[in-house]
Amino acid sequence: MIRIGILGTASIARLFFGEPLKHASILGIASRDVTRAVEFAKHYGIPRVFPSYEALIADEEIDAVYIPLPPHLHCTYTIKAAEAGKHVLVEKPAAPSSDEIAQMIDACRKHHVVLMEGFMYRFKAIHHRVRGLVQEGVLGTIHYLDFSWAFNIRKLARSPFRLDRMAGGGALNDLGIYGLDFLHFLGFPDPTLIHVSIKRDGPAGVDMFTHMTWQAGPTFASITCGFTCDANYYTVCGELGSVTVPGSLSGRIRDNMLHLHLLHSDHRADETFPAENPYVKELDHFAVCIETGQEPETGGGNALRNMRLVEAVRERGQLS
Ligand SMILES: NC(=O)c1ccc[n+]([C@@H]2O[C@H](COP(=O)([O-])OP(=O)(O)OC[C@H]3O[C@@H](n4cnc5c(N)ncnc54)[C@H](OP(=O)(O)O)[C@@H]3O)[C@@H](O)[C@H]2O)c1
């Protein structure tokens, strides 16, 4: 069992406790405020509490850390953890710049530890079914993909970092990056940016709504992300058929459903996938990568590719 320590009492870290882990155990939690860590540990039955992130990283019993801090802190704590010989599962975006991600990759390589970026959607069976339909050619050549993920940020009482440019906030970093990662997940080559529209009326110029059009070979991809309304779906359209997946991008644990339409036979079917906890699967996969030396699909190289696409959007959209 890989013994994991969590840096910070993040909301997202609370989702890792739904089902038992097979390859890992959560041994400790650290907080800037030890009373928060004590409360968190008590609630989720975590054996050890640390009064600082540094103390957790220095502990010899911890094999690996999970970093769900605001994005501007990901690089610093990944490097500290790597230097202490700890493997790193870092939340998305791995860091707000490709320079920082390159430093994280170097540090993890130098200290022979695994670096993995947390894209929990990749641990849901429904998206693997879609990947199979695309990669096995069932939908034919893909000509169009429409991916939208947005939520109304006024619903979020906490997490001010999402509206703080210096902390790596903004809709593109927070949600748009999923759409870009999804292109890599489906196996498309690195796309070319065609068009960007950005609504940047958040605090200090944070992007509140971004729409991008990309081209990857014969495929046009429309990716939308935002903090002003709710959207959560994607459609992948090929010359032989299409698949639409509503409401399955988030980590909410409930049944998921896709709609498949094959053109020649006019076959139309809804497929249901039972509720599952992708966070637990993600953590177990991280542990398996540590045990076996397998490179995670969402390792440093994938993170770098994602962030370079984000940077292309920032540059075209003049988003600092
Ligand atoms: N994969 C997913 O499904 C998913 C979903 C949501 C978020 N995320 C990612 O997970 C990360 C955390 O998101 P979240 O929504 O869980 O955030 P959150 O609830 O605001 O938690 C962030 C934690 O970071 C710590 N922290 C340290 N310095 C901080 C600072 N200057 N400002 C604020 N917090 C600070 C705090 O813990 P202490 O005070 O206890 O130290 C805080 O609880 C982000 O990278 C986000 O993009 C991923």
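The sheet is where I shall begin. In this predicted model, 8 strands form an open sheet with mixed pairing. Their order is S8-S9-S10-S7-S11-S12-S13-S14. At the two edges lie strand S8, residues 192-199, and strand S14, residues 267-273, and each of these pairs on one side only. From one strand to the next, the twist averages 10°.

Within that sheet, please look at strand S9, residues 209-216, and strand S10, residues 219-226. These two run antiparallel and are joined by 8 bridges. To locate the pairing on your screens, find Phe209, which stands opposite Gly226 in S10.

Which strands does helix H6 lie across? Helix H6, residues 171-185, lies across S9 and S10, and also across strand S7, residues 142-150. Relative to S10, helix H6 runs at about 155°.

I turn now to the domains. The domain assignment divides the chain into domain 1, made of 2-119 + 280-298, and domain 2, which covers 125-275. Taken over C-alpha atoms, the centres of domain 1 and domain 2 are 26 Å apart. How many residues does each domain bring to the contact? Domain 1 contributes 10 residues, and domain 2 contributes 10 residues. On the side of domain 1 that touches domain 2, the classes are 6 nonpolar, 3 polar and 1 charged.

Next, a pair of helices. In general, two packed helices are described by the angle between their axes and the distance between the axes. For helix H3, residues 74-83, and helix H4, residues 98-110, the axes come within 9 Å and cross at roughly 10°. Angles under 35 degrees count as roughly parallel, and H3 and H4 are therefore roughly parallel to each other. From H3, the contact is made by Cys75, Thr78, Ile79, Ala82 and Glu83. From H4, the participants are Glu100, Gln103, Met104, Ala107 and Cys108. By class, the residues of this contact divide into 6 nonpolar, 2 polar and 2 charged.

Finally, the ligand. Which of the 23 residues around the ligand come nearest? They are Gly8, Ala10, Ile12, Ser31 and Glu91. The shell around the ligand comprises 9 nonpolar, 7 polar and 7 charged residues. Both domains take part in this shell, with at least three residues drawn from each of domain 1 and domain 2.

Definitions and conventions: Residues are numbered from 1 along each chain as its sequence is written. This is a predicted model: local features need pLDDT of at least 70, side-chain atom pairs count only at pLDDT 80 or more; totals for chains, interfaces and linings use all residues. Two strands pair if DSSP finds at least two bridges between them. Helices (H or I, at least four residues) and strands (E, at least two) are DSSP runs, numbered from the N terminus. Axes are lines fitted to C-alpha atoms, for helices over the stretch in contact, and angles run from 0 to 180 degrees between N-to-C directions. Two residues are in contact if their C-beta atoms, placed from the backbone, lie within 7 Å. Domain bounds come from an automatic or database domain assignment. Ala, Val, Leu, Ile, Met, Phe, Trp, Tyr, Cys and Pro count as nonpolar, Asp, Glu, Lys and Arg as charged, and the others, Gly among them, as polar. Angles under 35 degrees count as roughly parallel, over 145 as roughly antiparallel, 65 to 115 as roughly perpendicular and the rest as oblique. A residue is near a molecule or strand if its C-beta atom, placed from the backbone, lies within 6 Å of it.
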